[in-house]
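Here is a short walk through a predicted model, going from its helices to its core, its loops and its charged pairs. Have the sequence and the 3D view open as you read.

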Amino acid sequence: MCNLSKGVEERGIARGLETGTLNAIRNLMEAMKLTAEQAMEALKVSEAEKVKYAGMLKG
């Protein structure tokens, strides 16, 4: 696989994981009436990524 297609593939995988995590956070918030922070703790989201996901939830 060439470097370009490898990079495209890696970005696609990263975006899919990001979307899945964001959906999981929203689902926990809705179904279990958790705050965003509680949902991220339940999913064991790293401290570095919590800021990113918190921003995505607002926007």
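Let's settle what a helix is first: helices (H or I, at least four residues) and strands (E, at least two) are DSSP runs, numbered from the N terminus. Two housekeeping notes before we go on. Residues are numbered from 1 along each chain as its sequence is written, and side-chain values use heavy atoms, with hydrogens and water left out. Since the model is predicted, local features need pLDDT of at least 70 and side-chain atom pairs count only at pLDDT 80 or more, while totals for chains, interfaces and linings use all residues.

Start with helix 1, which runs over residues 3–32. Helix 1 has 30 residues and covers 43 Å from its first C-alpha to its last, close to the 44 Å expected at 1.5 Å a residue. That expected span is 1.5 Å times one less than the number of residues in the helix. In helix 1, L22, I25 and L28 are buried. For the record, buried means under 20% relative accessible area, exposed means over 50%, and partly exposed is what falls in between (1.4 Å probe, protein chains only). And what covers the buried residues of helix 1? Helix 2 and helix 3 are included in that cover, where contact is counted as heavy atoms within 4.5 Å.

Those buried residues lead straight into the core. A nonpolar core here is a set of buried Ala, Val, Leu, Ile, Met, Phe, Trp, Tyr and Cys residues joined through side-chain atoms within 4.5 Å. The largest one has seven residues, namely L22, I25, L28, A39, M40, V45 and Y53. Helix 1 and helix 2 (36–42) each supply at least two of these residues, and helix 1 gives the most, with three. Y53 is a good place to zoom in: setting aside neighbours within four places in sequence, Y53 is in contact with L17, E18, T21, L22, I25, M40 and V45.

Now for the loops. K33 sits in the loop between helix 1 and helix 2, and its phi is near 55 degrees, a positive value in a residue other than glycine. K33 counts as exposed, at 69% relative accessibility. The next loop, between helix 2 and helix 3 (47–58), holds K44. K44 isn't a glycine either, yet it has a positive phi of about 60 degrees, and it is exposed, with a relative accessible area of 73%. As background, most residues other than glycine have a negative phi.

On to the charged side chains. Side chains of opposite charge can pair when their charged atoms come close. The cut-off for a salt bridge is a side-chain nitrogen of Lys or Arg within 4 Å of a carboxyl oxygen of Asp or Glu. How many salt bridges does a search of the whole structure find? It finds six.

Back on helix 1, E10 and K6 meet in a salt bridge, at 4.0 Å from N to O. The two are four residues apart in helix 1, so about one helical turn separates them. E10 is partly exposed at 46% relative accessibility, and K6 is partly exposed at 38%.

The other pairs to look at involve K50. E37 forms a salt bridge with K50, the closest N and O atoms being 3.2 Å apart. Because E37 lies in helix 2 and K50 in helix 3, this pair ties together parts that are 13 residues apart in sequence. E37 is partly exposed, with a relative accessible area of 43%. Is K50 buried or exposed? At 5% relative accessibility, K50 counts as buried. Leaving out residues up to four places away in sequence, K50 touches E37, M40, E41 and V45; M40 and V45 are also among the residues of the largest nonpolar core.

K50 has a partner within its own helix, too. K50 and E47 form a salt bridge with their closest N and O atoms 3.0 Å apart, and both lie in helix 3, three residues apart, about one turn of the helix. E47 counts as exposed, at 58% relative accessibility. Step back from the individual pairs, and salt bridges that share partners join E37, E41, E47 and K50 into one network.
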